[in-house]
Amino acid sequence: MALSPPVAADFALPAPAARAGALDTARRALLRHPTLIAGALTLVVILVAGVLAPLWWTGDPLEMKPAVRLRPPSAERWFGSDNFGRDIYTRTLYGSRISLTVGAAVSTLSLVLGTTLGLVVGFYRRLDMIAMRVMDGLMAIPAILLALALMALMKASVQNVIIALLIPEIPRVVRLTRASVLSLREHLMVEGARALGARTPRILARYVLPGLVAPLIVQGTYIAASAILFEAYLSFLGAGTPPHIPSWGNIMAEGRAYVQLAFWIILFPGIFLAATVLAINLVGDGLRDLLNVR
Amino acid sequence: MADLSRRHFIAGAAAVAATASAGLPAVHAQKRGGTMRFVPHADLKVLDPIWTTAYITRNHCYLIYDTLFGTDQNLQIKPQMVDKWSSANKGMKWSFTLRDGLKWHDGQPVVAEDAVESIKRWSKRDPLGKLLAAHTARIAAQDKKTFTLELAQPFGLVLEALGKPSSNVPFVMPARIAATPDSEQIKETIGSGPFRFVKDEWQPGNQVVYVRNPDYVPRNDAPSGSTGGKKVNLDRVVWKYIPDPATAAAALEAGEVDWYEQPSIDIAVRLEGNKDIMVAIQDPRGTQGWIRPNHLQPPFNNKKARQALLYMVDQEKYLQAALGQPKYYRTCPAVFTCGGPFETGAGAVKQDVNKAKQLLKDSGYDGKPVVVLDPTDIPLTHGAALVSRELMTQVGFNVDLQAMDWSTVVARRAKKDPPAQGGWNVLFTWWIASDVINPAVHAGISGAGSSAWFGWPENGRIEELKIQWARATDKAAQKQIAEEIQKVALDEVMYVPFGQWVSPTAFRKSMQGFLQFPAPVFWSVSIA
Amino acid sequence: MIGQIGRRLMATIPVMGVVAIAVFALLHITPGDPAVIIAGDYATSDDIARIRAKLGLNEPFVTQVGIWLGRIVRGDLGTSIFSGLPVSTLIRQRTEATIGLTLFAMLISVGVGVPLGVLAAWKKASLVDRLVMLFAVSGFSMPVFWLGFLLVYVFAISMHWLPVQGYRPLADGVWPFLRHLILPAVTLSVVYMALIARMTRASMLGVLSEDFIRTAFAKGLAPRRVLIHHALKNASLPVVTIIGIGFALLIGGAVVTESVFALPGLGRLTVDAIIRRDYPVIQGVILVVSGVYVLINLVVDVLYVVLDPRIRY
């Protein structure tokens, strides 16, 4: 801040178009997609809380202190304690790790596997018939029943929960990809490329994939949201992540018996869960608008 | 500390028992009729009384079947279906005569042959039954109402066997049904008990329905335990299975159900404050918790490794985690339960983590993962599992805690395979006092190896001692042998007891006539 | 058109075949063994082996599938391993509750979701629009059981207006039946409602920008008439589609809702059966539920054709 008297240069108008840079675009985006920004910010906060959990005044998520079981939220225990005396605040923050991991893993893997399968199936007609019947069959089974049945086959672990949630999601991604491939296959560009001797993988990579990126990203966010919710449902029904590892789902599952005695056990993980899923859904919606996906 | 909690515990149990029986007016003053809505502790799956030791099946059978003898509130054996009996020849020959008026639900009269066949079927599976059968020369019906039992060797527990209160109970069923081989489940549900099973209304996982048996002729004495006159006041009993404990408690408070068999202890404590609800102790003798190692597979096939488990346990810590409310539990080193006739401290040890660590090292433990089964749907065993994980890790075990539900534990515990192929190393369970109160009924101290209860300890000495106990005729000798048995059981670490507790039960004050007994009793109660 | 429908119907058969085999296959790779559970506490390995043989569990996989498919075609869904009751009986016992719950929830969702969607589309980009959509997305994002516990706590436990749990069959009277289903249906409907509101809004926005709507307004017709009679009718097609897709969501939600409210429905039946490895019940229920789902989608497709004269397959 200069204390010298103003000079003419201070009164000059800012140069127009040259100034419109990243900041301006961001500001306009914010005004037009407030929910997208809000969602993204929330996600970042929860991510940071989870990844850096030990930094946020937490204790040991597994430590049992039966002497202070079922205590309501207070200055020492921000979210109260559960029936084994474990600190809910600590467990909730560490729980975000599991829930976010499950969401990210299911989302990424289903996108990768589904897209690959969809591309292959879209291009090779013979595979198409069988594969689509199988996909239709899998989609006909309500996702949660399929996931439950899969969990019944396997030992309870985070890895297996990811697998169980992954499988019901793949058919939808396959459908999406396949539809794109089918419509683009006959496109002149592709014909031309093939005439020039380009091999199938190259055609897929250069012509089909770019068009898929946007819808896949949007779909991916919805899958992540759904996976995080479903992990909670599986844990609630007793078929989810192993109980000594805190995830929002199983913290709430264990707190089920204490709805009237210690509702804070269900309340806080529930809030975090709802907020995270909401945030992801908002980001998905915002991305859909932004990227102009139908 | 143990002393204080023991006094507190017994005082508490006595106080509650007094209040409960104070609510029991003379039977004829109670209202007749109505439907009782009861929330059982589990879902009824198996209908055959010898097929499983699960308490839910036992409870179901108490409604529709009757027994030759019963056990009353003071653990005395009294006749139920039997009218007169006698023993001759220094207890080697017994004769039993049935009461008049006993009929099956299909109208046929109950005859002695039915009793004989039922006893035979029961004795093929139940440990005490097997012991009886091993000492029996002949059991046969003499006429329509009388049957005799001749022993081949002296056996002091004939009446105790016939009046056994808990799993497996020698219920009496028609001879043709009892003739079903013990390798199959019975298909019909005809009994002679005070209620009839309404099979058409049975919805597994949801509800079970019973109606009063109008042909039932109760005895004239006052009801006590499973003895005495089973006079029914209710028209219908509906068991509604509500798996969610908070929902069940809320239903009780809202008056949507009348009796909630096993609320969790925390919920019971809260219900105590509700003026419309009475919280009582179902069975003041209590329940015992077990940590059972698998004797067939490493590391617990080595006695020192097992003893490491024994020395790591601090019962107070287990009870706090598993149960939470001190007024309902107490520490108890006795294998035959504290408060029981064979309570003793012989062979018990205090927690010594360093000694446990040393024992584990001496056993040559190789560090391979130890599979611990954690049934998370039962807070009791889940708590025990979590504490065990902590302690075992401290002692030096490499713990693989596997979460599952109780039904899966039931399936998995039968596997003798190595843990990596579907077996197990440590499991948790609990037994009511009546099932562990003496060496004859106690499934956990069987040293029969691969035909013993899951865990399969092998020890010839304890088997000898058990036979000695069964043949001993005076109380002092029995006590002494029981002490010896406990020493062996603990030294071998057949299992580690992690404490003793009583379970609360809760019912609306509109229900009267509650009786204390390990199984819920539906005769004698009425709904206002 | 009949030909089209017929062809669609035929196409569902291989789909159901895949479902059936997938379900069967899924359960037979399981490590859990129902024979052990059935055999009881005192079983020896011989007993277990004998029970496995009796259940046909030792036959080669393909034989088991064949036997099962053969029985399905004859309408015999098998017998529950645990209760000994026929699977079809168990399903019949539980169907009323699930259908009641699902229909009630769907009614609420459509009844509230569609008007909300229309409102949001009409007041596009206003505060009302944003609020409605936020509410919709929130409904979508909340765990069903959390909402259920909240509603039970407020309406049943605190205010005693509605029962905490349980189910009364229709035979006991219409009001008791409905009364016990209100809280569960509302809980379940929130998710579905959100979807329907969003879809309705999107579809309405598409239609509202069309020329014929502008003409209608230019003609001076009342906004409500335009909205409902002209716009909504045309916008309804995608909404009908979402009803089909949403059915699968409802079933998922029903599984959890039935657990919270202790409703004797198909969802709880399946969960219990899965935990106990009661194969015949799991297979039977998943088959039936998937079959209904496929049927609903078929009906939706047919409706689509019927409602929109422009579409021909």
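This report walks through the two chains of a predicted model and the salt bridges that stand out in chain B.

**The two chains**

Let us start with the overall architecture. Chain A is built from 11 helices and zero strands, so its elements read α-α-α-α-α-α-α-α-α-α-α from the N terminus on. Chain B mixes both kinds of element, with 16 helices and 23 strands. Its radius of gyration is 23 Å, close to the 24 Å that the globule rule gives for 528 residues, so chain B is as compact as a globular protein of that length. Along the principal axes, the C-alpha atoms of chain B fill a box of roughly 65 × 60 × 45 Å.

Burial and surface can be read chain by chain. In chain A, 54% of the 294 residues count as buried, while in chain B buried residues make up 62% of the 528 residues. The accessible surface of chain A comes to about 14000 Å², with 68% of that area belonging to carbon and sulfur atoms. For chain B the accessible surface is about 18600 Å², and carbon and sulfur atoms hold 51% of it.

Contacts that reach across the sequence are worth a look too. Among contacts in chain A between residues at least 6 apart in sequence, 71% join residues at least 24 apart. In chain B, residues 24 or more positions apart account for 73% of the contacts with a separation of 6 or more.

**Charges and salt bridges**

Chain B carries 60 positive and 53 negative charges, and the mean positions of these two sets are 2 Å apart. Side chains of opposite charge can pair when their charged atoms come close. Over all chains, a search of the whole structure finds 39 salt bridges. Three from chain B are set out here.

| Salt bridge | N to O distance |
|---|---|
| B:Asp258 and B:Arg37 | 3.0 Å |
| B:Asp276 and B:Arg508 | 3.9 Å |
| B:Lys466 and B:Glu463 | 3.4 Å |

Take B:Asp258 and B:Arg37, whose side chains meet in a salt bridge. This pair links distant parts of the chain, 221 residues apart: B:Asp258 sits in the loop between helix H7 (245–253) and strand E13 (259–260), and B:Arg37 belongs to strand E1 (residues 35–39). B:Asp258 counts as buried because its relative accessibility is 4%, under the 20% limit. B:Arg37, at 29% relative accessibility, counts as partly exposed.

Next come B:Asp276 and B:Arg508, also joined by a salt bridge. B:Asp276 lies in the loop between helix H8 (265–271) and strand E14 (277–281) and B:Arg508 in strand E21 (residues 504–508), so the pair ties together parts of chain B that are 232 residues apart in sequence. Here the acidic partner, B:Asp276, is partly exposed at 32% relative accessibility, whereas B:Arg508 is buried, with a relative accessible area of 15%.

The salt bridge between B:Lys466 and B:Glu463 has a local setting within one helix. Both residues lie in helix H15 (residues 460–471) of chain B, three residues apart, about one turn of the helix. B:Lys466 is buried at a relative accessible area of 15%, and B:Glu463 is partly exposed at 26%. Elsewhere in chain B, salt bridges that share partners join B:Lys303, B:Arg306, B:Asp491 and B:Glu492 into one network.

Note on methods. Residues numbered from 1 in each chain as written. Chains lettered and ligands numbered in written order. Predicted model: local features only at pLDDT ≥ 70, side-chain atom pairs only at ≥ 80, totals over all residues. Heavy atoms only, no water. Salt bridge = Lys/Arg side-chain N within 4 Å of Asp/Glu carboxyl O. Helix = DSSP H or I, 4+ residues; strand = E, 2+ residues; numbered from the N terminus. Buried < 20%, exposed > 50% of the residue type's maximum accessible area, 1.4 Å probe, protein only. Rg over C-alpha atoms; globule rule 2.2 N^0.38 Å. Contact = heavy atoms within 4.5 Å. Areas by Shrake-Rupley, 256 points an atom, 1.4 Å probe, with all protein chains shown as cover. Lys, Arg positive; Asp, Glu negative; His and termini not counted. Charge placed at Lys NZ, Arg CZ, Asp CG, Glu CD.
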